[in-house]
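This report walks through the main parts of one protein structure, taking its sheets, helices, ligand shell and domains in turn. Please keep the sequence and the 3D view at hand while reading.

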Amino acid sequence: MQVNSLDDEGELIDPFCDSSKPIQVQFQDVSAAAYKIKSGIQATPCTLSHISDYVDMEIYFKKEFLQYTGSFKERGARYTLMMLTKAQKTKGVIAASAGNHALALAYHGHDLGIPVTVVMPVIAPMMKVMRCKHYGASIIIHGKDIIESRKHAMLLARDNGSLYVNGYDHPHILAGQGTMGLEIVEQVKDIDAVVIPVGGGGLIAGTALALKNLQPNITIIGVESEKCASFTASLEAGKPVYVNAASTLADGLAVPLVGVNAFATAAPLIDKMVVVNEEYIALSILRLVEIEKAVVEGAGATGLAAVLAGLLPELKGKRVVIPLCGGNIDTTILGRCIDRGLAADGRLCRFVATVSDRPGGIADLTRLMSDMHVSIKDIFHERAWLKSDIFSVQVKCVVETRDQAHAEELKKKLRATYSHVIWGNAHNEGTTSVPNLD
Ligand SMILES: Cc1ncc(COP(=O)(O)O)c(C=O)c1O
């Protein structure tokens, strides 16, 4: 049975993730995990991407979204479940997760005949909640974020005598995630860098350990969402520290406090950390759908987002591996990401033009657009709140253009034709650094 003591704030301490005794996972642990989980996990492809041509890098995508439950989390989950004692296997395990760790534990628990209970925060995507139930796990929705869910899960674990499995910090989880690194070096020769998304830090810890042991020259780059840059803050502080987690398209990375073992293992191995914004995460999801024919969730697309955002100029001309580590995205969120990606790309634009309210005024505007092969998605006009000319009307449009250059052409033409045009917003006007698809 798991024995818990209390920390300075009177909260339960997970004995496997104790900040007073952080564990540095070793390379042997990763090789042991690889041997053990081999038959139950997909060795996912790691292939040269079409995106390489657009970004002047040789990019290989490690397609972890092709795991059965759609993420790399299966590696650590299966290894941890296989390492349980007989008594623990009978009692079952409990975890807190916003999604992918929950799915992985639920599926492999079912496969191995081990009961699984998962506490999920209220922000957990509905699709992930439903699928965990489908795999037979008991689901409890509790807590506004993963930290609150974890507190609840640990109380339940203590009361039930079951093992609490931290999804980004249990040493067996780290070792299991590291098996992705072993596969990468077998699949791609002479790698210059690997760009790894970071939430609680388990994936980067295990993977960096495997990569640096086998090929010390590989540069390890971690990527976080700007909405929750907890690993970056922890590196600055020299120890895991809390940050506020705001909602992000990369929900899998919204971990306000990184794992103590993950930090102890990964910190010495990471060469650089970068932070990406929501616009580039959305754009990466769009690019992956359009160019790679891959549906990847926000967290899984952040590695590419760092490249598209121009945060890694030193990798130009280099061979770079980017894990696409998860594909579990709600269809409604995917739709919104595609729209945001199109907007970031300058292919979905909005503007307000003040045109004549005489017959033909709006017709002239729509003709201008149709002559330019611009497609109108939405159009709305407003008279009552206009303070100027009584014979003018404000027309708000959302339109689809071919690309950024086409959008610029439309903007110029509108400004040449109408005296009052408000184009998008300041933010949208500045997306010219987005790599072009043409
Ligand atoms: C798709 C995806 N990518 C990356 C991560 C980050 O992994 P870690 O929390 O081990 O840093 C997660 C975490 O849940 C994830 O779901």
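## The six-stranded sheet

In this predicted model, six strands make up an open sheet in the order 1-2-10-7-8-9, and their pairing is mixed. Its edges are formed by strand 1 (46-48) and strand 9 (272-276), each of which pairs on one side only. If direction is ignored, neighbouring strands of this sheet are turned against each other by 25 degrees on average.

Inside the sheet, strand 7 (residues 193-197) and strand 8 (residues 219-225) pair in the parallel sense, with five bridges between them; Pro197 stands opposite Val223 of strand 8. Helix 8 (residues 171-187) packs on this sheet, where it touches strand 1, strand 2 (58-62), strand 7 and strand 10 (319-323), and the direction of helix 8 makes about 40 degrees with that of strand 1.

## The four-stranded sheet

A further open sheet is formed by four strands in the order 5-4-3-6, and here the pairing is parallel. The edge strands are strand 5 (138-141) and strand 6 (163-164), each pairing on one side only. Strand 3 (residues 93-96) runs parallel to strand 6 and is joined to it by two bridges, and the bridge partner of Val93 in strand 6 is Leu163. Across strand 3 and strand 4 (116-120) lies helix 5 (residues 100-112), which runs at about 165 degrees to strand 4.

The table gathers the angles that belong to named pairs of elements.

| Pair of elements | Angle |
|---|---|
| Helix 8 and strand 1 | about 40 degrees |
| Helix 5 and strand 4 | about 165 degrees |
| Helix 1 and helix 3 | roughly 85 degrees |

## Two helices that cross

How do the axes of helix 1 and helix 3 cross, and within what distance do they come? The axes of helix 1 (residues 27-37) and helix 3 (residues 73-82) come within 10 Å and cross at roughly 85 degrees, and the two helices are therefore roughly perpendicular to each other. Helix 1 contributes Ala33, Lys36 and Ile37 to the contact, while helix 3 contributes Arg75, Arg78, Tyr79 and Met82. Sorted by class, this contact has four nonpolar and three charged residues, and no polar ones.

## The shell around the ligand

Around the ligand there are 20 residues, of which Gly199, Gly202, Gly252, Ala299 and Gly326 come nearest. Two elements, helix 5 and helix 9 (202-214), give two or more residues to this shell, and helix 9 gives the most, with three residues. By class, the residues of the shell divide into nine nonpolar, 10 polar and one charged.

## The domains

The domain assignment of the protein gives domain 1 as 36-67 + 177-197 + 207-341 and domain 2 as 345-429. Taken over C-alpha atoms, the centres of domain 1 and domain 2 are separated by 38 Å.

Key: Residues numbered from 1 in each chain as written. Predicted model: local features only at pLDDT ≥ 70, side-chain atom pairs only at ≥ 80, totals over all residues. Domains from an automatic or database assignment. Axes fitted to C-alpha atoms, helices over the stretch in contact; angles between N-to-C directions. Parallel < 35°, antiparallel > 145°, perpendicular 65-115°, else oblique. Contact = placed C-beta atoms within 7 Å. Nonpolar A, V, L, I, M, F, W, Y, C, P; charged D, E, K, R; others polar. Pairing = 2+ DSSP bridges. Near = placed C-beta within 6 Å.
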